[in-house]
Amino acid sequence: MKYMKLGSKPDVFQNDGNNTRFVATELATDIIITVGEVKFFLHKFPLLSKSARLQKIVATTTNDETNDEVDVSDIPGGPAAFEICAKFCYGMVVTLNAYNVVAARCAAEYLEMHETIEKGNLIYKIDVFLSSSIFRTWKDSIIVLHTTKNLMPWAEELKIVSHCVDSIANKASIDPSEVEWSYTYNRKKLASENGLDQHWNGVRKQASVPPDWWVEDICELEMDIYKRVISAVKTKGHTSGSVLGEALKAYAFRKIPGLLDGSVSYSSVDVARHRNILETIVWLMPGGSGSVSCGFLLKLLKAACLFDAGENCRTELVKRVGQQLENASVKDLLIPAETQEEGSTVYDVDMVVGIIEEFMAQQARGGNGEIAEVTDPGLGFDPNGVKVLAVATLIDGYLAEIAKDLNLPLLKFVGLAEMISTGLRPVHDGLYRAIDMYLKEHPGLSKSEKKRLCGLMDCKRLSPEACMHAVQNERLPLRVVVQVLFFEQLRVSGASGNGPDIPAGVRSLLPRENGNSYGSSRSAATTYTEDDLNGAPVADLNSFRSMRVVNKSGGSERSSGSSDMNNGTGTRNIPEEKKGSKGILMPKKILSKIWSGKVHSGENSSSDTSESPGSINPEETKSTPSRITRHSVS
């Protein structure tokens with residue numbers, strides 16, 4: 001730290017302990033200067049010889065036998081600053097440094113200690129010290145800037161603030177290789193600096209200066225001053241957006257408690273200050289995607305909702321998150337709802353919907369208005385395809401989490417899932433997991449609601465492991481189970497070169513292709529409802545839940561019971577020996593037996609259309625119950 005000593009006489013200022021300061025000398029004092037609650041018993045001659053203001057005040061004071069009393073309680077810097085000026089007038093030793101120089105300069109300006117009164121006056125000496133030392137030193141400039149907080153508007157009018165801001169911005173903008181002064185940097189060190197690098201040869205080299213070396217040193221500044229520093233750095237144009245983003249991130253974590261670990265709490269005392277900090281940080285963010293991490297943006301968005309930040313602030317955050325949504329995590333998207341009343345959802349789903357809308361709009365603008373379908377995750381994607389695939393996986397994971405909310409309406413769940421179309425999900429395992437979780441947590445769904453929910457999923461896009469789980473999942477409608485069995489059989493048959501032999505009744509439960517039932521003309525088969533299938537013998541229906549699985553070695557196993565797709569670890573509860581299976585063999589005899597009793601007995605029931613789950617209309621009417629008595633099949 002730089003400092004400057006003024007004067008040569010010993011310091012003979014004394015304090016009697018009752019807010020009284022005096023000079024220990026044989027000469028009687030003849031003037032009393034009052035600064036707040038402190039009284040200074042001094043002599044007129046040394047003071048008036050250097051202060052034009054005191055000359056004017058004393059000249060207008062009525063002379064009498066008592067000492068003149070002058071009140072300068074409005075002097076910037078208070079008693080401490082006035083004492084520095086008084087000691088200078090007496091020629092006593094006084095030391096100026098970064099902590100007291102601004103107060104002394106403002107007090108000297110107040111007392112009008114200019115060169116016109118006496119050559120080499122205090123204002124001149126302080127200005128030389130500031131320009132030659134303080135403004136050229138990194139940490140001193142920051143300290144001086146910090147001390148201006150209680151000296152406004154004097155420090156502003158004297159251009160001390162602007163000089164400090166410009167000095168800091170200039171140093172922050174230079175090439176890091178030219179940094180030769182000390183700075184604070186508590187970030188994680190490189191492995192080679194800690195001696196942990198496997199290729200480190202034991203010779204410790206001088207560590208290079210990181211590009212964000214300066215961000216922690218300015219975190220102690222007040223928001224208004226910090227805003228001016230960052231704006232000045234941006235104006236210089238020599239600092240990358242990523243470094244500016246790191247600076248804003250460090251400041252936010254320092255000034256908003258709990259933001260780093262996501263435990264921000266609402267405090268009526270600090271909410272206005274925290275809101276101002278948050279809105280200013282968002283305003284200062286550099287342009288361009290990637291300058292600020294998506295995780296940090298979502299932390300700010302959560303805090304913005306908590307502190308009731310302005311609409312412009314939230315809109316900007318949503319826009320920026322949408323630009324890099326593919327980098328977010330499910331945990332980041334779990335934004336608590338603003339109102340936690342009884343019956344309200346736990347998370348703010350509408351906010352996430354807005355983020356996805358922004359993402360899809362940006363992808364459409366970047367791809368000439370269209371988003372290409374993702375067909376094979378193993379192929380080389382264009383950048384937009386990779387982003388969309390990542391977001392689709394992210395949304396499926398988010399759906400699985402919010403599905404646990406008992407107050408989450410079905411329409412809101414479905415609406416969010418449909419924002420990512422079927423073609424943008426090459427594999428529907430994640431969507432199936434979310435649907436299964438919603439069915440598990442909402443057991444009171446009606447038949448039509450289950451149909452609407454399962455209609456989100458395309459059975460053709462389930463992996464063999466997910467198919468094994470689905471056929472044993474008693475929460476799924478039986479229509480969905482049949483479709484899963486069929487498409488898995490179709491996959492296995494296609495691999496062997498043999499087409500599947502499909503019972504006529506089963507065709508009615510399969511999805512349509514070009515308006516017709518799979519593998520038949522529009523009038524090729526009599527259609528049956530799921531109610532008809534539910535009328536089949538229990539033993540036959542249970543056979544659906546216990547399918548024969550063919551493994552790679554040609555052997556077979558019998559799987560029983562219903563495993564849980566949504567276990568605590570979020571992984572499928574599938575035995576290791578089954579994970580490598582080629583598929584599930586279609587139990588044609590079982591399906592034929594179920595339908596044979598109905599067809600031969602002349603039973604003919606009305607049904608809802610046998611469309612695929614992915615094209616179910618939420619408004620379509622429920623199927624008409626069969627009026628024909630069902631016969632049991634022995």
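Which residues have the most contacts inside the largest nonpolar core? In this predicted model, they turn out to be Ile-33, Leu-42 and Trp-214, and the core they sit in has 163 residues. As a rule of thumb, nonpolar side chains in soluble globular proteins tend to be buried together.

Take Trp-214 to begin with. Once its neighbours within four places in sequence are set aside, Trp-214 still touches Trp-138, Ala-172, Ile-230, Val-233, Thr-239, Val-243, Leu-244 and Ala-247.

The other two, Ile-33 and Leu-42, lead to the sheet. Here 5 strands are laid out in the order 2-3-5-4-6, giving an open sheet with mixed pairing. Strand 2 (13-15) and strand 6 (68-71) are the edges, each pairing on one side only. From one strand to the next, the twist averages 20 degrees. Strand 3 (residues 20-23) and strand 5 (residues 38-42) run parallel and are joined by 3 bridges; Thr-20, for instance, has Lys-39 of strand 5 as its bridge partner.

Helices pack against this sheet. Helix 2 (residues 52-59) touches strand 4 (31-35) and strand 6, and its direction makes about 125 degrees with that of strand 6. Helix 3 (residues 78-90) lies across strand 2, strand 3, strand 4 and strand 5, running at about 10 degrees to strand 5.

A closer look at helix 2 brings up Leu-54, which belongs to that helix. Leu-54 counts as buried because its relative accessible area is 2%, under the 20% cut-off. Beyond its neighbours within four places in sequence, Leu-54 is in contact with Ile-33, Leu-47, Leu-48, Val-70 and Leu-111. One of these partners, Val-70, is 16 residues away in sequence, with a C-alpha to C-alpha separation of 8.3 Å.

There is also a pairing between strand 1 (residues 3-6) and strand 7 (residues 94-97). These two run antiparallel, with 4 bridges joining them, and Met-4 has Leu-96 as its bridge partner in strand 7. Side chains alternate along strand 1: Met-4 and Leu-6 point to one face and are buried, whereas Tyr-3 and Lys-5 point to the other and are not.

Finally, Asp-270 gives a view of a loop, the one between helix 10 (241-255) and helix 11 (271-284). Its relative accessibility is 27%, so Asp-270 counts as partly exposed. Asp-270 and Phe-307 lie 37 residues apart along the sequence, and their C-alpha atoms are 9.6 Å apart in space.

Definitions and conventions:
Residues numbered from 1 in each chain as written. Predicted model: local features only at pLDDT ≥ 70, side-chain atom pairs only at ≥ 80, totals over all residues. Heavy atoms only, no water. Pairing = 2+ DSSP bridges. Axes fitted to C-alpha atoms, helices over the stretch in contact; angles between N-to-C directions. Contact = heavy atoms within 4.5 Å. Buried < 20%, exposed > 50% of the residue type's maximum accessible area, 1.4 Å probe, protein only. Core = buried A, V, L, I, M, F, W, Y, C linked by side-chain atoms within 4.5 Å.
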